[in-house]
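Grab a coffee and work through these short exercises with the model open beside you. Try each task before reading its solution.

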Amino acid sequence: QVQLVESGGGLVQAGGSLRLSCAASGRTFSRYSMAWFRRAPGKEREFVAAINWSGSDRTYADSVKGRFTISRDNAKSTVYLQTDNLKPEDTAVYYCASRDNAGIATMIGRYDYWGQGTQVTVSS
């Protein structure tokens with residue numbers, strides 16, 4: 001019902017920044033809560049950030065708190081992840097996810113739709 005396409009990944013040196021984008025299509029975007037997850041090499045997928053339907057409520061994993069910012073533009077059906085002060089530990093495939101519910105969530109199982117991911121590589 002929902003298609004998600006991530007973009008904006010790339011190679012950046014430690015301390016740099018990237019803005020990831022996730023474009024949604026197929027259904028009304030504004031009523032969905034959204035999140036970013038990531039999977040680093042050799043590790044399980046982990047929660048990064050989430051945002052509720054209006055953008056008024058946001059939460060972050062401790063590992064990225066203070067460095068990453070999630071936001072959304074419902075008019076453009078797009079959610080963003082601004083990643084600042086990137087560290088090599090942030091290297092991962094970043095996935096956008098949507099939940100058929102307006103409320104915020106952090107668990108993988110609470111999300112209904114997933115994008116294919118965009119690679120972020122941070123060098124030292």
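**Exercise 1.** How many cavities of 30 Å³ or more does a search of the whole structure find? Then work out what lines the largest cavity.

*Solution.* Keep in mind that this is a predicted model.
- Step 1: the search turns up one cavity of that size.
- Step 2: the volume of the largest cavity comes to about 40 Å³.
- Step 3: go round the wall, and you'll meet Val2, Ala24, Ser25, Gly26, Arg27, Thr28, Phe29, Tyr32, Met34 and Ser98.
- Step 4: sort that lining by type, and you get five nonpolar, four polar and one charged residue.

**Exercise 2.** Met34 is one of the lining residues. Which residue in β5 is the bridge partner of Met34?

*Solution.*
- Step 1: look at strand β4, residues 33-39, which is joined to β5 by five bridges.
- Step 2: check the direction; β4 and β5 run antiparallel.
- Step 3: the partner of Met34 is Ile51.
- Step 4: now follow the hairpin of β4 and β5, where six residues sit between the strands and Gly42 has a positive phi near 75°.

**Exercise 3.** Carry on from Ile51: what is its bridge partner in β6?

*Solution.*
- Step 1: find strand β6, residues 58-60, which pairs with β5 in the antiparallel sense over three bridges.
- Step 2: Ile51 has Arg58 as its bridge partner there.
- Step 3: β5 and β6 also make a hairpin with six residues between them, and Gly55 in the turn takes a positive phi of about 85°.

**Exercise 4.** Is β5 mostly covered or mostly uncovered?

*Solution.* Count along residues 46-51, taking under 20% relative accessible area as buried. Five of the six residues in β5 are buried, so the strand is mostly covered.

Methods: Residues numbered from 1 in each chain as written. Predicted model: local features only at pLDDT ≥ 70, side-chain atom pairs only at ≥ 80, totals over all residues. Heavy atoms only, no water. Buried < 20%, exposed > 50% of the residue type's maximum accessible area, 1.4 Å probe, protein only. Helix = DSSP H or I, 4+ residues; strand = E, 2+ residues; numbered from the N terminus. Pairing = 2+ DSSP bridges. 1 Å grid on protein atoms, 1.4 Å probe; cavity = no way out; pocket = protein on both sides within 12 Å on 5 of 7 lines; lining within 4 Å. Points joined across faces, edges and corners; volume = space filled by probe spheres on them. Nonpolar A, V, L, I, M, F, W, Y, C, P; charged D, E, K, R; others polar.
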